[in-house]
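This briefing is intended for a first-year student and is arranged by topic. Please consult the sequence and the structure while reading the points that follow.

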Amino acid sequence: MIWTIAKKELTEIRRDGRFLWTSLIIVALLFIALGVGAQRYAADRDLRIEASQEDRDSWLNQGDKGPHAAAHYGVYGFKPATPLALFDPGLNDYTGTLQYLEAHKENQAAFKPAADATALARFGDLSGAMVLQLLVPLLIILLCFGMISGEREDGTFRQLMSMGVPRTKLVWGKALGVTGAIAIVLVPGILIAGVLAAILAGNNDPHEMIDFQGKLLVVALAYVAYFAIFVCVALAISIRSRSSGAALTTLVGFWIVTGLLVPRIGADISKAVYPTPSAFEVEASIQKGRDAGIHAHEPNHPNHIAFKNKMLKKYNVTRIEDLPYSFQGLALEADEEHGFKVFDQNYGRVRELYAEQDKVQQVLSVLSPAVAIEGLSEALSGTDVDFANDFSNAAEAYRRNMVRILNADIMQGGKGMTQYSAEWGYRANKSLWSKVPPFDFDPPGLSTILGRNLVSILVLLAWLVGSIFWLTWSARRIKIDM
Amino acid sequence: MIRQIMKNEWTLLSREKILYLALPIYLVMLIYGIMNGTEWKTFLYDNSIEAREMADKVFQSKRDTLDKILAGKLKYSYAEDPRLPAQLARYKGYEMATKPPAPTAAISIGQSDVVPSYVKVQWKPMFKQANTDEIENPRNLAVGTFDLSFVLIYLYPLLIIALSYNVLSSEREQGTQVLLLSQPVSVRQFVLGKILLRGSLIIGTAVVVSLFGLIVANPDILSAGYAWRIAMMAVILALYGTFWFGLAVLVNALGKKSSTNALIMMAAWIGLVLVLPAALNLAAKTLYPLPSRIAMVQALRKGDEQATKESKFSRAYRADLLRAGEEAALKASNTDFYLKVLPLEQQAEKIAQPIFDEFENQRQAQQTLAERLKYLSPAAVTQIAFNELADSSAGSFNNFNQQVEAYHDVWRQYFLKPVQENRVLTKDELWNIPRFQYQPESGSTIFGRIFGDVLALLIFAGAMLVIGFRLLRNYSGAAR
Amino acid sequence: MLEAVNLKKDYGGHLALKGLNLKIEPGEIYCLLGANGAGKSTTINLFLDFIKPSSGMALIDGMNVADHSIETKKALAYIPEIVMLYRNLSGLENLRYFSQLAGHSEYTDADLLGFLKRAGLPDHAPMKRVGGYSKGMRQKVGIAIAIAKQAKVLLLDEPTSGLDPKASNEFSDLLVQLAGDGVAILMATHDLFRAKESGTRAGIMKHGELVADLVTADIGHADLEALYLKHMHD
């Protein structure tokens, strides 16, 4: 019975010109978005791999110089992308692309592409994810809004009921028909576009392929759930609406509220609950924190003098030249270690805030499945805030390791020297530079991502289960006349 | 006659539930948008003040230190002398170049949340000075802000659609059309009356609330002589609204069912507001891809390596100086060193320049293309015009960055001279370091930039109305 | 007052009206009889300028309807099979609006209530919203609109179908009254009895042609029916 109904629906849908055109447009947009996305991803990746290599060469071949000068020369960390970013660029336009790793300072990832973009960019990125998140639900709405209300208006519903068709079976048959129609359009579309994109994107960096299949599978499942939610909600509303017009209005309203309004209002709410400090506040707080440090480069600063006296006392000597380690090295290292704490407190607080804000928005996805799928899709595609933070954290950890290696070398190499001589007279060479390993960042694995986005996953599941129940419940109570 | 049609329409509308649901939401959203924008403007303003004060403090502390040194009250090592020109120019001093928000900034947050409104100016190329980005959760940036321009560009057309998609089709469907058309009034007069009423209600509310709200929240708009900008905004939002009403007339004139009309209008909204601008953005990005900032970073590094190779100057210079003893080395390194290292850096920048030029050229080309493509979508035109009026457009920030670049040159020139003369700054020089002063673009420049937008919207709105009312001439009264 | 001159309407090959010639004078009630699709509604729609004739002319008060759409509508009133009004307005408000559209802004509420009363609307009804009216009551508001308009021509498209006999009878009486005031009335109807009772002339249409045109006073009720059926059978 269900299959008969599904088949009839599918035939009707296939003969509907609106469906044909809308799905053609959607598939065309999907092809364009994935094609351009793949090209951009491949170009970015090649450039990044090349740049990392060049940067490493520059580092190794910077010549003989003081280790601290090398620390100032620094290294660039380039934020990688996972291949799924070609499908969902997510927040990539709004996160920095590279992080300068140097002495004394924890720099933030700089150069968000959005800052260089035109105002058109603020209307959104035409990506595969946008097509699936915003446009496919519209296609579903288009297919479903008149499914029951239309039959009621045409009088065919009376006829069906008189034939003794169980209401739930009728509704599930229709749901199956819609699902089939969407699948006929999307599955080949996505498969072909995906294969094309994979060919365009070409070889992948093995680092970026971590858990790729798993992530792909979960993304696919998440979108299937998302579409299923829309099918159920749309059918339920069609059942409960006085007319097809009313059903359409309600559904479009639902789409606008969940897709457009809730995310923006959610951003405002999350900022109101966890206010983001201004860059000045953070800067001032870091300034203040760092002021309490050693001031390694200011020999007349009271903190510097106090640290010197402490060291002299500790090693029971009177001149810094008699210390078992270079004082310059000790001072630089102590200053850095102090800085690490200050940065952890301040930037750590900012990152925590981002995480808290994201959590607020994840919770708000109770009001909007679009918010849940957005977050989940970005997370699995490696284009969310967590990914950017992971990168920044890895880069900072790398910087700290680099600075420590270099300072340790000054402590040894500059032993017995004055501060000035230790900084400018002592020189290290390539053998030290190669002790600093190349920067390497592994994107988070599937289990980490799932753990972090548990709220979104649960909310999406709750929406799915809830909408199925709602549809079944509504189906049992379909009125023959409104 | 039109007046009577409008009066009757008002009576009819006033008995619809949707009005009492939609109007309050609409009002709340307009006000919320204005509040959000105003709050952002205050934030930008506070930042610009704070940034300038930060620079003031730095300059003042240098002057204070010098006073103490000159008065013999401070024991200082050579390296701590605030008058050392290269050190002051490179890392000890800095200017904060700020772009205070325009009084009308609350209209549209535009690009001002992703492009910094204040930047630190020091010796190093502005490109490398990228650490003044405002701290903001990238998700919030990506989602976009709920400002007045969002309400007007996205939600206002939706309200127009909701109230006018069935102006004529509903008359036909409820059967009143035949009676209406048997009166000595033409279809066009009816539609005009209905649209005029809805237009004055929705557009009028938007104009009044926006103007009144903006002025109350930002009294400086009037005192700073920016009133014309909000007047322009009112004109633009009226034209944008008229475009959507015109589309409603056109769609109704096709004589289709209400539900079909609703679908057509929603499709138009999705196409023109959501999909088309995003597609145009993709087109601009694909046709004129920007060289990656990564490439620029690498170019600077390579330039540096090449310049070092070319010059005979060794970066181990200071170590060599050490042979003459520490104090001498210190002194020499603080003057001589920079004398030698500056040309090296300039050479490095020169080597890297082509890629910077390419970046700039591509960016200009992309912006120019975007400026042309926007004319395909009234929503994009309106957004960009609002950005211009709020001084938050890409153009406005380009101008700011050009001013900063120019000031950066002034900064370098000011300190280059004493470095080349191998001397410290005089007291006068330390006191009179040139400051950055933002020159907002003139009203006529802004007007020139939005003139095309206003014209385009006029054509959009006019075309819809003309075509719509022309189609109505052939509208058949016979029931279908 | 009301004149069709060689009026033709061609719907893409299908001739709905094949050269109708008809003249209705003030005070006449002309009943158009005929099966569904015979061209009755097409004729009325042509007089209303809702559709354009393929050739020929529809004249009202000597003016070609197609050229003087607005002017001729000042002279006519139309009552469709089902008078649909604004549900959210009261009967009085509906009447006031349509009267204003017809150019009569001068009526006071008392005037308007008078028209409704004359049309036979119960006293309690005018202030209530039309949403709750029966078909007969809406039909009466339609008559009131026509009365208020002081129309010289009344076009009716099966106005009594679906009315109960009493309402139908009242409706016919009103028409006779209006004709007495000098109004020219063209009514498409299936109701042979009413046509005979209240009509002054009757025409039978078939396949877009007027096959019979007679004065009702000259023919008995049974004869009219026989004539009608004879034409239908041919």
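C:Cys31 is buried, with a relative accessible area of 0%. The model in which this residue appears is predicted.

**Cysteines**
- A:Cys232 is likewise buried, and its relative accessible area is 5%.
- Over all chains, a search of the whole structure finds zero disulfides.
- A:Cys232 is accordingly in no disulfide, and the nearest cysteine sulfur, which belongs to A:Cys144, is 9.0 Å away.
- A disulfide is a covalent bond between the sulfur atoms of two cysteines.

**Contacts between chains**
- Two pairs of chains are in contact, and chains A and B share the most contacts.
- Chain A and chain C are joined by no contact; their closest C-alpha atoms lie 17 Å apart.

**Helices α5(A) and α11(B)**
- Helix α5 of chain A spans residues 128-144 and helix α11 of chain B spans residues 258-287; their axes come within 13 Å and cross at roughly 170°.
- The two helices, α5(A) and α11(B), are therefore roughly antiparallel to each other.
- From α5(A), residues including A:Leu134 and A:Leu138 meet residues of α11(B), among them B:Ile270 and B:Leu274.
- The residues of this contact of α5(A) with α11(B) comprise ten nonpolar, no polar and no charged.

**Strands of chain B**
- Strand β1 of chain B (residues 95-98) is covered on both faces: B:Glu95 and B:Ala97 are buried on one side, and B:Met96 and B:Thr98 are buried on the other.
- In a regular strand, side chains alternate between the two faces of the sheet.
- Strand β2 of chain B (residues 118-121) pairs with β1(B) in the antiparallel sense, over four bridges.
- Opposite B:Met96 stands B:Lys120 in β2(B).

How values were computed. Residues numbered from 1 in each chain as written. Chains lettered and ligands numbered in written order. Predicted model: local features only at pLDDT ≥ 70, side-chain atom pairs only at ≥ 80, totals over all residues. Heavy atoms only, no water. Axes fitted to C-alpha atoms, helices over the stretch in contact; angles between N-to-C directions. Parallel < 35°, antiparallel > 145°, perpendicular 65-115°, else oblique. Contact = heavy atoms within 4.5 Å. Nonpolar A, V, L, I, M, F, W, Y, C, P; charged D, E, K, R; others polar. Buried < 20%, exposed > 50% of the residue type's maximum accessible area, 1.4 Å probe, protein only. Pairing = 2+ DSSP bridges. Disulfide = S-S within 2.5 Å.
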